[in-house]
Amino acid sequence: MEKNRRWWALVAVALGTFMTYLDNNVVNVALPSIQRELNLSISGLEWITSAYILVFAGLLLAGGRLGDVLGHRMVFLSGLGIFTVASVAAGLAGSQELLIGARAVQGIGAALLSPAALALLQEFFPDPKERGAAIGIWGAVGALALAVGPLTGGLLSEHASWGWIFLINLPIGVATLALSLISMPRRAATARTAGAWQRLDPIGLVTSSIALFALTYALIEGDAEGWTSGLILGSFAVAALAAVAFVVQQSRAADSMVNLAFFRLRMFTGGLLAMGLWAFGVFGIYFYMAIYLQNVLGFSPTEAGAGFVPLALITAVGAILAPRFETRFGVARVTAFGLAVMGVAIGGIAQYGEGTHYLDLLPWFALYGVGGGLLIPLSNVVISALPTDRAGVASGMLNVSREVFGLLGVTVLGAILSNRAGAATGTELHRYLVGYQFSLVIAAVLVLVGVPVSLWMLRKQRTAAVPVPEPVLEAV
């Protein structure tokens, strides 16, 4: 692949990723406007967000496998087209049912696009050094979406119409599609499509999707339905049974979508765990910090979105610089340092309650952004740990780790916050702050657990690597 074309292909992949990240973050601050205009019930409002997350997380492994078998370019373009069309449908929706349905279809598009995007970078940049730089740029663009999303959602919902938070995906999607068609070369499809149905591993696709659907549903609805309710316990049971069926089937399949031996690779498993802890901190802190800024400090939705811009910009810069640090100091040290900095920053944020000024929080936000940016190269570690014909599944599992741990961050911290606030005394605001600050301390401790995990599991092997067709398996 020509050098210039692959860098343009990187731009296309980054734009596609930016669009999905932007959409996921732009919705939250616009929810009150959507509720007013469509007269939504509380349940309907929740499902505008939940429908997307549920379908996206449930189909990530399936999307990765489709890319490995049918070709990542085709799956990327298919996901991009589905996501763009669904975005237009969401922006024009005039009812609760149409909007929730469009959001679910967006989840299908994102589940195809996201795993293929990262796998394409491995395909376009076979040199590890160049791939590290490319993934750093890709991660920086994703971080920018975290900055632009809440701010864009606030501005559009306050000064235009909520529909534009979805319709802005149309020009981005069309531009990405045109750039992709020009810059991404077609691959010979004969070898890939021969016996494609068997290679897709339909039983594995179904059981993995059911397990992820059920787990995601339980995490989303657990607080509202009650964690001991029959529906939630049943969902966890379905997830467990489907996961067991998936593991049994994968251990017996000749060409399984997930070779269970891959989990004995320290770099692969360690990378997934570290990225999961990163997502736990990022998703949980973003969610509850946004509530804190608005309900305690009195920020408007637009001001709350703007408050995260410095953090996200620093994360983006860190993502670009991180591959250089990784080359010099090693991925284990850089990852451990990033998680340590994040943990310290979360602990620092936990000191502040009522009467705080934004400038008091800003240094901790900046430190948090530094730590978050340093973990972006983990994507390269996870993808590179597996054979190239499993890049899609590796990317899918990386995204699953992010989504599930991110949901756990919101769910676990929310349960801790509610429990602690319920046990406290005083005004409602005081009780909320007691729970909020304690939940941040717990989050800091859990993120810091990743420091020794990273130093041990992501350390370099002492013996020289021997070229073999499959990666050398080392017990965790």
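What percentage of the 476 residues of the protein chain count as buried? I looked this up before anything else, and the answer is 56%. I note for the record that I am working from a predicted model.

**Overall make-up.** I went through the secondary structure of the protein chain and found 20 helices and zero strands. I then turned to contacts between residues at least 6 apart in sequence, and of these 82% join residues at least 24 apart.

**Helix 13 and helix 17.** I chose one helix pair to follow in detail, keeping in mind that two packed helices are described by the angle between their axes and the distance between the axes. For helix 13, which covers residues 266-295, and helix 17, which covers residues 358-374, the angle is about 155° and the axes lie 12 Å apart. Because an angle over 145 degrees counts as roughly antiparallel, I enter helix 13 as roughly antiparallel to helix 17. The crossing of these two helices is left-handed.

I next listed the residues that meet between them. Helix 13 contributes W278, G281, V282, I285, Y286, M289, Y292 and L293, while helix 17 contributes L361, F365, Y368 and G372. Sorted by character, the residues of this contact come to 10 nonpolar and two polar, with no charged residue.

**Helix 17 on its own.** I checked the length of helix 17 against expectation: its 17 residues should span 24 Å at 1.5 Å a residue, and the end C-alpha atoms are indeed 24 Å apart, so the two values agree. I also looked up which of its residues are buried, and these are Y358, L361, F365, Y368, G369, G371, G372, G373 and L374. Reading this list beside the contact list, I see that L361, F365, Y368 and G372 are buried and also meet helix 13.

**E221.** I then moved to E221, which is found in helix 11, residues 202-225. Is E221 buried or exposed? Its relative accessibility is 6%, and since buried means under 20%, E221 counts as buried. Leaving aside neighbours within four places in sequence, I find E221 in contact with W47, S50, G226 and I232. I also looked at T411, which is 190 residues from E221 along the chain, and their C-alpha atoms are separated by 9.4 Å.

**G101.** My last entry concerns G101, which is found in helix 5, residues 96-124. With a relative accessible area of 32%, G101 is partly exposed, whereas E221 is buried. The C-alpha atom of G101 is separated by 8.2 Å from that of A90, 11 residues away along the chain.

Definitions and conventions: Residues numbered from 1 in each chain as written. Predicted model: local features only at pLDDT ≥ 70, side-chain atom pairs only at ≥ 80, totals over all residues. Heavy atoms only, no water. Axes fitted to C-alpha atoms, helices over the stretch in contact; angles between N-to-C directions. Helix = DSSP H or I, 4+ residues; strand = E, 2+ residues; numbered from the N terminus. Parallel < 35°, antiparallel > 145°, perpendicular 65-115°, else oblique. Left-handed = near helix turned anticlockwise from the far one by under 90°. Contact = heavy atoms within 4.5 Å. Nonpolar A, V, L, I, M, F, W, Y, C, P; charged D, E, K, R; others polar. Expected span 1.5 Å × (residues − 1). Buried < 20%, exposed > 50% of the residue type's maximum accessible area, 1.4 Å probe, protein only.
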